[in-house]
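Open the model in your viewer and keep the selection panel at hand. Each stop below says what to select and what to look for there.

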Amino acid sequence: MKGFIETSFLDWKGFISSVLFLPGCNFACPFCHNFQLVSDPASVATLPVDWVLERLGPFAGWIDGVVITGGEPTLHPGLPLFIEKFRQAGFKIKLDTNGTNPAMVKQLVADKMVDLVAMDIKAPTDQLSYRRAAGKVVDLEKVLETMAFLKSGACAHEFRSTIWPAWHGVKELAEMADQLQGCQAWSLQALNPETAWNPEALGMGKPYTAEQIADLQRELADPVCKKEMK
Ligand code: SF4
């Protein structure tokens with residue numbers, strides 16, 4: 001594990017959570033703000049799992065759950081064992097993923113190891129748009145498989161999109177909304193070029209304002225979502 005936030009009120013809506021960061025990612029999103037974990041994980045100190053469990057021990061019952069993020073957590077074959085340690089300590093689990101490992105997500109859900117899966121949707125799922133947002137050629141079949149699995153209602157889920165006006169205009173957002181129709185939750189956030197890994201790749205432009213994001217959330221994203229969470 002490469003990072004640890006003891007208490008967060010932001011990373012799991014309605015929950016007090018701790019956030020655990022795992023290294024490495026198979027994407028290179030130009031807007032990534034955890035890029036040290038992606039480009040040079042060896043430069044970030046490794047935290048022993050047992051040390052983190054010891055730190056969290058006194059908070060069991062106060063902290064509702066643990067958010068496992070990265071990087072891309074599902075790249076690690078040992079993820080189920082890692083999660084199991086926190087479940088045994090009494091924590092609920094939220095998993096953040098870019099959706100490229102549907103087999104891992106399905107297995108974790110089948111084994112009842114996760115309480116919420118949050119998947120990033122980077123762009124409309126055509127190769128050009130996705131490649132620009134993810135910074136790499138993406139196996140879109142895998143992304144679509146994870147999306148469809150979550151949308152089927154197999155587990156509580158949310159989709160998240162970090163949007164940039166030049167890449168996510170009316171047409172692109174409408175395409176994404178079409179694809180996410182019927183999901184449980186879809187949240188939008190503005191891309192922040194100031195914390196971006198590769199701001200040059202974003203080209204010219206200004207981010208969406210907080211007001212524009214709130215309008216898009218209310219008028220575009222929320223209406224595609226079913227209200228109930230399993
Ligand atoms: S998928 Fe997430 S962690 Fe990976 S490069 Fe993109 S923003 Fe960064």
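Start by selecting C29, which sits in the loop between β2 (17-21) and α1 (35-39). Keep in mind throughout that this is a predicted model. Is C29 buried or exposed? Its relative accessibility is 6%, and buried means under 20%, so C29 counts as buried.

Next, show what surrounds C29. Leaving out residues up to four places away in sequence, C29 touches K122, A133, A134, G135 and W197. Now add K136 to the selection and draw a distance between the two C-alpha atoms. C29 and K136 are 107 residues apart in sequence, yet their C-alpha atoms are 7.8 Å apart in space.

Now select the ligand and display the residues around it. Which residues are they? They are C25, F27, A28, C29, C32, G71, N98 and K122, so C29 from the previous stop appears here again. Colour this shell by class, and you should find 5 nonpolar, 2 polar and 1 charged residues.

Stay with the shell and select K122, which is found in the loop between β5 (116-120) and α5 (127-134). K122 has 8% relative accessibility and therefore counts as buried. Show the side chain of D120 as well: a polar contact of 3.2 Å joins it to the side chain of K122. Then look at the other contacts of K122. Apart from neighbours within four places in sequence, K122 is in contact with F27, C29, F31, Y130, A133, H168 and M176.

Move on to a pair of helices. Select α4 (residues 102-110) together with α6 (residues 140-151). Their axes are 9 Å apart, and the helices pack at an angle of about 25°. Because angles under 35 degrees count as roughly parallel, α4 is roughly parallel to α6. To see where the two helices meet, display side chains on both. On α4 the contact is made by P102, V105, K106 and V109; on α6 it is made by K142, E145, T146, F149 and L150. Sorted by class, this contact has 5 nonpolar, 1 polar and 3 charged residues.

For the last stop, select E84 in helix α3 (residues 79-88). With a relative accessible area of 26%, E84 is partly exposed. Finish by adding M113 and drawing one more distance. E84 and M113 lie 29 residues apart along the chain, and their C-alpha atoms are separated by 7.2 Å.

Conventions. Residues are numbered from 1 along each chain as its sequence is written. This is a predicted model: local features need pLDDT of at least 70, side-chain atom pairs count only at pLDDT 80 or more; totals for chains, interfaces and linings use all residues. Side-chain values use heavy atoms; hydrogens and water are left out. Axes are lines fitted to C-alpha atoms, for helices over the stretch in contact, and angles run from 0 to 180 degrees between N-to-C directions. Helices (H or I, at least four residues) and strands (E, at least two) are DSSP runs, numbered from the N terminus. Angles under 35 degrees count as roughly parallel, over 145 as roughly antiparallel, 65 to 115 as roughly perpendicular and the rest as oblique. Contact means heavy atoms within 4.5 Å. Ala, Val, Leu, Ile, Met, Phe, Trp, Tyr, Cys and Pro count as nonpolar, Asp, Glu, Lys and Arg as charged, and the others, Gly among them, as polar. A residue is near a molecule or strand if one of its heavy atoms lies within 4 Å of it. Buried means under 20% relative accessible area, exposed over 50%, partly exposed in between (1.4 Å probe, protein chains only). A polar contact is a pair of N or O atoms within 3.5 Å; within protein, one must be able to donate a hydrogen and the other to accept it, and residues adjacent in sequence count only if both atoms are side-chain atoms.
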